Amino acid sequence: MNMLIGYMRVSKSDGSQVLDMQKDALLKAGVCETRIYQDLSSGAKDDRPGLANCLKALQPGNCLVVWKLDRLGRNLKHLVTLVDNLKKTDIGFKVLAGNGAQIDTNTPNGRMFFGMFAVLAEFERELIAERTIAGLNAARARGRLGGRPRKMDVSTLRMAMSAMSDKNAVATNVAKKLGMTTTTLYMYVNGDGSPKECAKKLLDE
């Protein structure tokens, strides 16, 4: 039997402050208590070190188990990316309750849902690519590419964040298409597309 690894989360924003229900469900599903990771989130910022450690612990052939689908992803995009990455690394996924309870990759229906998440992830990547290309073409039409490397502005920053959020993105290629150096790109954007402090200030202006 595949090793089961559980993850649970509570958040002040949704009022679900108690982990007991999630923990009981995970234990009943066969997850060992020592293999359950958790996060107690508060406020809008959601760093979730428990999830990061959980994902590091997962190995090919393991199965990630959650109580409900909304316990895993911050939003739909994040959820789709996580589930798609699980599939690519041969890690199973099971949801115990709620609208996602049909997802169990040990069953044909569960594998079908895995396939749907893969399709959604590909769709999201194509949208990002299309938006980036459209933005680059618009910038090129305004004569903003070429010559000296440009400084970062809000529209360019948003394109850089979208492009870098694709895990297959190559920073040097993104920087070249945006008409800037890789150093400038990394000055504002992390490798996963999230904004750095100076980028946050620019977006707030």
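Of the 205 residues in the chain, 38% are buried in this predicted model. The accessible surface of the chain amounts to about 11700 Å², and carbon and sulfur atoms account for 54% of that area. The secondary structure consists of 8 helices and 4 strands. Read from the N terminus, these elements follow the order β-α-β-α-β-α-β-α-α-α-α-α. Contacts that span long stretches of sequence are well represented: where the two residues are at least 6 apart in sequence, 63% of contacts join residues at least 24 apart.

A good place to begin a tour of the interior is the largest nonpolar core, which has 18 residues. Leu157, Leu178, Leu185, Tyr188 and Val189 are the members with the most contacts inside this core. At least two core residues come from each of the helices α5 (154-164), α6 (171-177), α7 (182-188) and α8 (197-204). Of these, α5 gives the most, with 6 residues. Val189 offers a closer view of this region. Once neighbours within four places in sequence are set aside, the contacts of Val189 are with Leu157, Ala160, Met161, Met164, Ser194 and Lys196. Apart from this core lies another, made up of 16 residues. Its members include Tyr7, Leu51, Leu64 and Ile91.

Tyr7 also leads to a charged residue in the interior, Asp39. This aspartate sits in strand β2, which covers residues 36-41. Asp39 is buried, yet has no salt bridge. The nearest side chain of opposite charge belongs to Arg48 and is 5.0 Å away; a salt bridge would require a side-chain nitrogen within 4 Å of a carboxyl oxygen, so this pair does not qualify. The side chain of Asp39 does, however, make a polar contact with the side chain of Tyr7, at 2.7 Å. Beyond its neighbours within four places in sequence, Asp39 is in contact with Tyr7, Met8, Arg9 and Val10, and also with Arg48, Pro49, Gly50 and Leu51. Two of these partners, Tyr7 and Leu51, are among the residues of the 16-residue core.

A last stop is Thr81, found in helix α3 (residues 76-88). Thr81 counts as partly exposed because its relative accessibility is 36%, a value that falls between the cut-offs of under 20% for buried and over 50% for exposed. Although Thr81 and Glu122 are 41 residues apart along the chain, their C-alpha atoms are separated by 9.4 Å.

Conventions:
Residues numbered from 1 in each chain as written. Predicted model: local features only at pLDDT ≥ 70, side-chain atom pairs only at ≥ 80, totals over all residues. Heavy atoms only, no water. Buried < 20%, exposed > 50% of the residue type's maximum accessible area, 1.4 Å probe, protein only. Contact = heavy atoms within 4.5 Å. Areas by Shrake-Rupley, 256 points an atom, 1.4 Å probe, with all protein chains shown as cover. Core = buried A, V, L, I, M, F, W, Y, C linked by side-chain atoms within 4.5 Å. Lys, Arg positive; Asp, Glu negative; His and termini not counted. Polar contact = N/O pair within 3.5 Å; in protein donor to acceptor, adjacent residues only side chain to side chain.
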